[in-house]
Amino acid sequence: MNPQILVDGLIAGAMYGLGAIGVTLTYSILRFANFAHSELLTFGAYAALALSSALGVLSAGLLAPLGPFSFGWSLPLAAITAMALTGLLALAVDAVLFGRLRARRSSIIVMVMASFGAALTLRSLLEFVFTSKPAYFTRELQIALPLGGGMRATPDQLLALVLAIALVVAVHLLLTRTAIGRSMRAVSENQALAGVVGVDVRRVIRVVWLLGAVLACVAGIMAGLLVQLRPYMGFDLLLPLFAAAILGGIGSVPGAMLAGLIVGLAEAGTVQLVGAEWRTAVAFIILVLVLLLRPHGLFGRPQA
Amino acid sequence: MNAAAPPPALATRALVAGYERDLPIVRGVDFEVAPAELVVILGPNGAGKSTLVKAIAGLVPIHAGQAFLAGADITASPVQEKVRHGLAFVPQTENIFATLTIQDNLQLAADILPRSEQAARIAEVYELFPDLAARRSACAGNLSGGQRQMLAVARALIVKPSVLILDEPSAGLSPKIVGEVFSRLKEINTAGITIVLVEQNVKAALAIAHRAVILVEGELRHDGPAATLADDPIVAQLYLGATPAGREEQR
Ligand SMILES: Nc1ncnc2c1ncn2[C@@H]1O[C@H](COP(=O)(O)OP(=O)(O)OP(=O)(O)O)[C@@H](O)[C@H]1O
Ligand SMILES: [Mg+2]
């Protein structure tokens, strides 16, 4: 077995994990599967691309590669703005769509269908603005560094992995050690009781959208940097994201990341051992197996 | 209302409330509780007792009428604001966060207090409930029924409420544990906290209450001292329906 699949799997998996955290948090607090989450990922990536290109036009120096990486200052600067924009987009979609449906106490299936509609709309808009041609953050070529044991990774890939792990730890600490995290866990268990205890549920919902959107944006930028940007990049990630969120257990942040890594490794292993054409089936098979054998996932709580 | 008499700790005026707009469950209730009073709300199953207290707490829409806390109109204030005004509510079911630890249940309630006071207040409440203090890092879902009710009451006391409303705290508890919970409530009331208690356990509730009201089909049908009601077999037969023992069997 080629040890390189370990590196490839972990890097793809870290991306899945970041996206899956957003899915798992919105699912556990808003109680519906948001199929538009993957479009937040795509939007974040394209927003960063547009801003980064604009910064490059303003000052070419910002495009000069930073140390061993393939990108210049323009990308991290653009990324921060893109995170804010993606957060605003999520809040806007909630204000015009999901929030209204919640106020009418719409059923879960209506929310899910609305999220499909939102996903299609966003994806078409992005395709219209940016065309379906693949785009890239940079054209710099990177040399993969040997990691020992026959494994290689580019500096960009290693950065993505470290950043993903750091973000998971940060979100986990936010949930377990802070007042807003406590409120989020309370709302996820019992929204009415949370209100009685004094939690402003609407504020918690806004925080969840922001958090999920920011993580989606980072995952989208990673996907764009390590692979390429396409209007369908988020859509193609939908199945691995949901497989990871459900395998990890709805509501569990460490679970989502661990499961993301598992899905990534399983995909890389399948490509190596079975064939590349089986890659997309892996997430589906994992999803089905988890739903059949352990629907609450690795770290979720069983539904009563 | 003259300056000498304090306003009631809690009051409703012609309160109409219900889950759907065209289906009032509580139908014009006028209800007053004096400061430091312990009032029990009795009534048959489905009378609207839970709906009434949930409407006061902000969990069920109020269609008409008003609710007042110490004279201030709280009819329109959202649920999370009421606790900040001094109204604590312990729901009938699912009244603790089972996935959180005991400590986190209390800390969550304390989060609305100034940061500098939170730890001291939680410590004070642990002193009142040593059983909970001993298991503070246990998951609340692992507690027994009686301990859960104690945690729900402890959680409600964190904010030093002026009014504490409890919806059937004795439901599902053994008679011995009911006795413990009720003597706790009496102590809390003696310390000056106004208590409104919804109960089906008529005997135990009347034993600690000052006054009792009976709700039937969303309307108040009786209001009087608890002592006289306890001795009134006709009222009991008419409005209370099942005896406490009969209710245990229904569950
Ligand atoms: N969530 C709800 N949605 C719609 N109707 C409800 C809801 N909860 C209760 N009801 C209805 O409201 C009426 C009053 O119910 P409520 O729970 O207030 O009665 P209760 O006096 O508390 O009874 P119990 O002694 O059984 O607790 C009942 O007809 C019930 O069917
Ligand atoms: Mg009830």
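At 13% relative accessibility, Arg121(B) counts as buried, and this residue of the predicted model is placed in helix 4 of chain B, which covers residues 115-128. The points below turn to the magnesium ion and ligand 1 in chain B, then to the annotated spans of chain A, and then to individual residues in both chains.

**The magnesium ion (ligand 2)**

- The protein donors of the magnesium ion are the OG atom of Ser50(B) and the OE1 atom of Gln92(B), and these lie 1.9 to 2.3 Å from the ion.
- Because Ser50(B) belongs to helix 1 (residues 49-57) of chain B, while Gln92(B) sits in the loop between strand 6 (87-90) and helix 3 (102-110) of that chain, the pair ties together parts that are 42 residues apart in sequence.
- The two donors fall into separate accessibility classes, since Ser50(B), at 18% relative accessibility, counts as buried because the cut-off for that class is under 20%, whereas Gln92(B), with a relative accessible area of 25%, is partly exposed.

**Ligand 1 and its surroundings**

- There are 13 residues around ligand 1, and those that come nearest are Gly46(B), Lys49(B), Ser50(B), Thr51(B) and Gln200(B).
- By residue class, the shell around ligand 1 divides into four nonpolar, seven polar and two charged residues.
- Oxygen atoms of ligand 1 are approached by several polar side-chain atoms: one of Asn45(B) lies at 3.1 Å, one of Ser50(B) at 2.7 Å, and an N or O atom in the side chain of Thr51(B) at 2.5 Å.
- Of the 640 Å² of accessible area that ligand 1 has on its own, the protein covers 60%.
- Ser50(B) therefore appears in both settings, as a donor of the magnesium ion through OG and, with a polar side-chain atom, at 2.7 Å from an oxygen atom of ligand 1.

**Annotated spans of chain A**

- An unreviewed UniProt entry lists "transmembrane region" for residues 6-28, 40-63, 75-96, 108-126, 158-175, 207-229, 241-266 and 278-297 of chain A.
- Within the model, the span of residues 6-28 of chain A is 100% helix and 0% strand, and its end C-alpha atoms lie 31 Å apart.
- Residues 158-175 of chain A are likewise 100% helix and 0% strand, with 26 Å between the C-alpha atoms at the ends of the span.

**Buried charged residues**

- Which residue shares a polar contact of 2.5 Å with the side chain of Arg121(B)? The partner is Glu124(B), and the contact joins the two side chains.
- In chain A, Glu267(A) is found in helix 10 (residues 253-273) and, at 3% relative accessibility, counts as buried.
- Glu267(A) and Pro240(A) are 27 residues apart in sequence, and the C-alpha to C-alpha distance between them is 9.5 Å.

**Positive phi angles**

- Most residues other than glycine have a negative phi.
- Thr131(A), although not a glycine, has a positive phi of about 60°; this residue lies in the loop between helix 4 (108-130) and strand 1 (145-148) of chain A, and at 42% relative accessibility Thr131(A) counts as partly exposed.
- Glu217(B), also a residue other than glycine, has a positive phi near 45°; Glu217(B) lies in the loop between strand 9 (211-216) and strand 10 (219-225) of chain B and is exposed, with a relative accessible area of 52%.

Definitions and conventions:
Residues numbered from 1 in each chain as written. Chains lettered and ligands numbered in written order. Predicted model: local features only at pLDDT ≥ 70, side-chain atom pairs only at ≥ 80, totals over all residues. Heavy atoms only, no water. Donors = N, O, S within 2.8 Å, 3.2 Å for Na, K, Ca; no water. Helix = DSSP H or I, 4+ residues; strand = E, 2+ residues; numbered from the N terminus. Buried < 20%, exposed > 50% of the residue type's maximum accessible area, 1.4 Å probe, protein only. Near = heavy atom within 4 Å. Polar contact = N/O pair within 3.5 Å; in protein donor to acceptor, adjacent residues only side chain to side chain. Areas by Shrake-Rupley, 256 points an atom, 1.4 Å probe, with all protein chains shown as cover. Nonpolar A, V, L, I, M, F, W, Y, C, P; charged D, E, K, R; others polar. UniProt positions renumbered as here; feature names shortened; annotations may be inferred.
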